[in-house]
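Please look over the sequence and the structure shown below before reading on. The paragraphs that follow lead from one part of the chain to the next.

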Amino acid sequence: MVLALVVCAAVVALGVIGLVAFAVRRRVIQRVGGTFDCSYRLKMPVDASTQPDLDENGKPTSAPVPQTDGKGWVFGIGRYSGDSIEWFRVFSYAPRPRKVLPRREIEVLGRRYPEGQEELALLSGSVVLRCLHDGAPLELAMSEDALTGFLAWLEAAPPGQRVNVA
């Protein structure tokens with residue numbers, strides 16, 4: 001009986017320590033400042049388009065819109081770090097970012113609102129930003145306010161850097 005109580009207490013203590021570790025890690029990441037909630041789509045659909053939503057005249061293009069199944073989204077924290085964005089998974093103990101996105105390698109293709117199953121996978125009020133990262137399709141989801149800051153950060157690139165913001 002005593003052994004069962006000791007085992008239960010140890011399991012509860014380990015659970016509490018794990019939750020505290022998540023909270024401390026998030027505070028350490030956010031302590032530097034310049035952070036925002038940002039979901040990252042790790043598994044892009046096979047038919048993801050690499051064409052911009054608008055042409056150079058501002059007219060809609062005929063880029064195919066892939067069906068969104070809501071799969072592949074991972075909740076995380078984005079942090080501005082000089083000329084790159086560091087992306088950390090929320091539910092991870094890793095002290096280093098999972099992805100580093102240099103500003104010069106990001107090209108914005110367009111934005112859209114979550115549809116269907118995506119609405120359940122993302123935070124409410126999120127906007128999905130379609131991008132190219134070093135030529136590969138990439139989708140980020142963030143709030144309207146975070147999106148405004150992200151696009152301003154992209155446009156604020158030093159002279160000589162090619163930046164394309166839709």
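**A charge over a ring**

The charged end of Arg103 is placed over the ring of Trp153, 4.5 Å from the centre of that ring. The model is a predicted one, and this contact between a charge and a ring is a convenient place to enter it. Arg103 is buried, because its relative accessible area is 5%, under the 20% that sets the limit. The side chain of Arg103 also meets that of Asp83 in a salt bridge, with N and O 2.3 Å apart. This pair links distant parts of the chain, since Arg103 lies in the loop between strand S6 (99-102) and strand S7 (106-112), while Asp83 lies in the loop between S4 and S5, 20 residues apart. Asp83, unlike a buried residue, counts as partly exposed, with a relative accessible area of 35%.

The other side of the story belongs to Trp153, which is buried, with a relative accessible area of 11%. Phe150 and Trp153 form a tilted aromatic pair, 6.0 Å from centre to centre and with 35 degrees between the planes. Both residues lie in helix H3, where they are three residues apart, about one turn of the helix, and Phe150 is buried, as is Trp153.

How many aromatic pairs does the model hold? The count comes to four aromatic pairs. In one of them, the rings of Tyr80 and Trp153 have centres 5.5 Å apart and planes at 45 degrees, and because this angle falls between 30 and 60 degrees the pair is described as tilted. Here the two partners come from distant parts of the chain, with Tyr80 in strand S4 and Trp153 in helix H3 (residues 144-155), 73 residues apart. Tyr80 is partly exposed, with a relative accessible area of 23%. Ring pairs link Phe36, Tyr80, Phe150 and Trp153 into a cluster.

**The strands around S4**

Strand S4 (residues 76-81), which carries Tyr80, runs antiparallel to strand S1 (residues 35-37), and three bridges join the two. Within this pairing, Thr35 stands opposite Arg79 in S4. S4 also pairs with strand S5 (residues 84-89), again in the antiparallel sense, over six bridges, and Ser81 has Ser84 in S5 as its bridge partner. S4 and S5 form a hairpin with two residues between them, and Gly82 in the turn has a positive phi of about 65 degrees.

Helix H1 (residues 2-31) includes Ile29, a residue that is buried, with a relative accessible area of 4%. Leaving aside neighbours within four places in sequence, Ile29 is in contact with Thr35, Ile77, Arg79 and Phe88. Ile29 and Arg96 are 67 residues apart in sequence, and their C-alpha atoms are 9.3 Å apart in space.

**A network of salt bridges**

Side chains of opposite charge can pair when their charged atoms come close. The count of salt bridges comes to six. In one of them, Glu118 pairs with Arg41, the closest N and O atoms being 3.1 Å apart. Glu118 lies in helix H2 (residues 118-121) and Arg41 in strand S2 (residues 39-41), so this salt bridge ties together parts that are 77 residues apart in sequence. Both Glu118 and Arg41 are buried. Glu118 also meets Arg112 in a salt bridge, at 2.7 Å from N to O, and Arg112 is buried, as is Glu118. Through salt bridges that share partners, Arg41, Arg112, Glu118 and Glu139 are joined into one network.

Technical notes. Residues numbered from 1 in each chain as written. Predicted model: local features only at pLDDT ≥ 70, side-chain atom pairs only at ≥ 80, totals over all residues. Heavy atoms only, no water. Helix = DSSP H or I, 4+ residues; strand = E, 2+ residues; numbered from the N terminus. Buried < 20%, exposed > 50% of the residue type's maximum accessible area, 1.4 Å probe, protein only. Contact = heavy atoms within 4.5 Å. Pairing = 2+ DSSP bridges. Phe/Tyr/Trp six-rings, centres within 6.5 Å; stacked < 30°, edge-to-face > 60°. Lys NZ or Arg CZ within 6 Å of the ring centre and 35° of its normal. Salt bridge = Lys/Arg side-chain N within 4 Å of Asp/Glu carboxyl O.
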